[in-house]
Amino acid sequence: VYFLLYKPRNTISAVSDDKERRVVTDFFGGVSQRIYPVGRLDYDTTGVLIMTNDGELSQQLMHPKYHIPKTYVAKVKGMVDPMSIKKLERGIKIDGKKTAPAKANLISADRVKQTSIVELTIYEGRNRQVKNMFMALGFPVQKLKRETYGSLNLEGLKPGEWRELKSFEVNS
């Protein structure tokens with residue numbers, strides 16, 4: 001089975017939590033199959049999360065060799081400049097290893113609040129990668145949302161809502 005969840009804030013990308021916090025499977029009370037998330041989104045990160053019981057597909061979706069784009073919109077502290085955008089696009093060194101090239105686009109900047117909104121598309125999924133890429137450039141992430149995973153997006157869903165994937169979506 002295959003589902004798309006609009007993961008809300010303050011939710012763990014896991015099937016259980018020893019601290020009794022809300023987990024993504026809490027939204028699937030009517031689903032009888034055991035499902036789990038494909039990859040993770042941080043507790044405070046929102047957006048597209050695929051839920052399935054298909055381990056093979058899950059591995060393919062997460063492996064960087066398949067080059068599946070994941071697009072995020074980040075609100076960061078600071079004024080992101082064109083040079084920082086170029087650095088994101090070339091790859092950022094995190095923990096001694098350079099990230100794969102990304103696509104980056106400055107959506108807006110607020111000089112009064114000293115914040116910027118940046119769209120970033122990555123093709124790998126290291127732990128806290130987007131946040132770490134921005135932090136490496138001196139722009140702490142204040143808010144983060146995954147807008148797309150491959151061809152899937154959040155259209156028609158509100159946080160906490162989900163829908164079953166259509167067969168053509170699973171195939172793509």
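Select D81 and M83 at the start of helix α2: in this predicted model, D81 caps the N-terminal end of the helix, with one of its side-chain oxygens lying 3.1 Å from the backbone nitrogen of M83. From there, follow α2 through residues 82-90 to the residue that comes after the helix, G91, whose phi is positive, near 110°.

Staying with α2, colour S84, I85 and L88, which are the buried residues of this helix. If the view is turned so that one looks down the axis of α2, these buried residues fall within an arc of 105°, and they therefore line one face of the helix. An α-helix has 3.6 residues a turn, so residues three or four places apart point the same way. To see what this face meets, add β7 (103-110), β8 (115-122) and α3 (129-136), since the buried residues of α2 pack against these three elements.

Next, turn to the aromatic rings. A search of the whole structure finds three aromatic pairs, and a good place to begin is F3 with F28, a tilted pair whose centres are 5.3 Å apart and whose planes make an angle of 55°. F3 belongs to strand β1 (residues 2-7), whereas F28 sits in the loop between β1 and β2 (36-37), so the pair ties together parts that are 25 residues apart in sequence. With a surface displayed, F3 can be checked as buried, at a relative accessible area of 4%, and F28 is likewise buried, with a relative accessible area of 4%.

Keep F3 selected and add W162, with which F3 forms a second pair for this tour, edge-to-face, at 5.0 Å centre to centre and 85° between the planes. Because F3 lies in strand β1 and W162 in strand β11 (residues 162-164), this pair ties together parts that are 159 residues apart in sequence. W162 itself counts as partly exposed, at 31% relative accessibility. Showing F3, F28 and W162 together displays the cluster into which ring pairs link them.

The last two stops concern charged side chains placed over rings. Select R21 together with Y43, and R21 will be found over the face of Y43, at 5.5 Å from the ring centre. Then move to K70 and Y149, where K70 lies over the face of the Y149 ring, at 5.4 Å from the ring centre.

Terms used: Residues are numbered from 1 along each chain as its sequence is written. This is a predicted model: local features need pLDDT of at least 70, side-chain atom pairs count only at pLDDT 80 or more; totals for chains, interfaces and linings use all residues. Side-chain values use heavy atoms; hydrogens and water are left out. Buried means under 20% relative accessible area, exposed over 50%, partly exposed in between (1.4 Å probe, protein chains only). Helices (H or I, at least four residues) and strands (E, at least two) are DSSP runs, numbered from the N terminus. The arc is that of the directions from the helix axis to the C-beta atoms. Contact means heavy atoms within 4.5 Å. A polar contact is a pair of N or O atoms within 3.5 Å; within protein, one must be able to donate a hydrogen and the other to accept it, and residues adjacent in sequence count only if both atoms are side-chain atoms. Rings of Phe, Tyr and Trp (its six-membered ring) pair if their centres lie within 6.5 Å; planes under 30 degrees apart count as stacked, over 60 as edge-to-face and the rest as tilted. A charge sits over a ring if NZ of Lys or CZ of Arg is within 6 Å of the ring centre and within 35 degrees of the ring normal.
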